[in-house]
Amino acid sequence: MGKLTFALNLTLDGCCDHRGCAPDDQLFRYWTRLMDEAGGMLWGRKVYELMEAYWPAVARDPKASRLDRAWARKLDAKNKYVVTTTRRDFPWRNTHRVQGNLADAIKGLKKATPRGLLAGSPTLSTELHRLGLIDEYLFVVHPRVAGHGPYLFVDWRASHLKFIDAKRFKSGVVALRYKS
């Protein structure tokens, strides 16, 4: 059975706005390696739509940076699972709608995906955390204070996580890995 890893960029004050945590080349390569190792991506509808609006075009753009195009092409090829009750049409290649009871559906995906899943949606991950479905947490903390939200840990159930490891990047970013 594959593990479900919740992985997200955030600032020191817990802001998880994607516009506030742009990765440099070293961090971009780190995220690409993580995606390569995973069997699929798991997102809520909002994050899926943010990704869908940007990355497929980058994959086809000869003017995009080499790292951006590499990420975009790998993401295009990767299975993408979307939890949504409102959307049914997914033109982006390899996109699948997660249906039915969330806990049962995610347990089934974990069984069917031995290389594991990367979840990157703050709202969805709140519910996955509440249901006890997250196996690992990867918080990539950027050395800045955003001073605004959205904030990650709003309405999360209290829990004690066990430290696995940390990786420090030249930029001052630190990737902290925990298990439940």
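Reader: How many positive and how many negative side chains does the chain have, and how far apart do the centres of the two sets lie?

Author: Keep in mind that this is a predicted model. Counting charges gives 31 positive side chains and 18 negative ones. Take the centre of each set, and the distance between those centres is 3 Å.

Reader: Okay, what pattern do the helices and strands follow along the sequence?

Author: Start with the totals: the chain has 5 helices and 8 strands. Now read along the sequence, writing α for a helix and β for a strand, and you get β-α-β-α-α-β-β-α-β-α-β-β-β.

Reader: What radius of gyration does the chain have, and what would a compact globule have?

Author: For a feel of the dimensions, the C-alpha atoms fill a box of roughly 45 × 40 × 30 Å along the principal axes. With 180 residues, a compact globule would come out near 16 Å, so the chain agrees with that, as its own radius of gyration is 16 Å.

Reader: What share of the residues counts as buried?

Author: To count as buried, a residue needs a relative accessible area under 20%. Apply that to the 180 residues of the chain, and the buried share is 49%.

Reader: Which residues touch the most other members of the largest nonpolar core?

Author: In soluble globular proteins, nonpolar side chains tend to be buried together. Here the largest nonpolar core has 30 residues. Elements that each supply at least two of them include α1 (25-37), α2 (45-60) and β6 (136-142). The members touching the most others are Trp-55 and Leu-75.

Reader: Which residues is Trp-55 in contact with, leaving aside its neighbours within four places in sequence?

Author: Contact here means heavy atoms within 4.5 Å. Once those sequence neighbours are set aside, the partners of Trp-55 are Phe-28, Asp-68, Trp-71, Ala-72, Leu-75 and Trp-92.

Reader: How many residues are in the second, separate core?

Author: Look for Ala-119, Ile-134, Val-141 and Trp-156, which are among its members. In total, this second core has 24 residues.

Reader: Is Leu-118 buried or exposed?

Author: First find Leu-118 in strand β5, which covers residues 117-119. Leaving aside neighbours within four places in sequence, Leu-118 is in contact with several residues, including Thr-5, Leu-34 and Met-41. Its relative accessible area is 9%, and the cut-off is under 20%, so Leu-118 is buried.

Reader: What distance separates the C-alpha atoms of Leu-118 and Gly-44?

Author: Along the chain, Leu-118 and Gly-44 are 74 residues apart. In space, their C-alpha atoms are separated by 12 Å.

Note on methods. Residues are numbered from 1 along each chain as its sequence is written. This is a predicted model: local features need pLDDT of at least 70, side-chain atom pairs count only at pLDDT 80 or more; totals for chains, interfaces and linings use all residues. Side-chain values use heavy atoms; hydrogens and water are left out. Helices (H or I, at least four residues) and strands (E, at least two) are DSSP runs, numbered from the N terminus. The radius of gyration is taken over C-alpha atoms; the globule rule is 2.2 Å times the number of residues to the power 0.38. Buried means under 20% relative accessible area, exposed over 50%, partly exposed in between (1.4 Å probe, protein chains only). Lys and Arg count as positive and Asp and Glu as negative; His and the chain ends are not counted. The place of a charge is taken as NZ of Lys, CZ of Arg, CG of Asp or CD of Glu. A nonpolar core is a set of buried Ala, Val, Leu, Ile, Met, Phe, Trp, Tyr and Cys residues joined through side-chain atoms within 4.5 Å.
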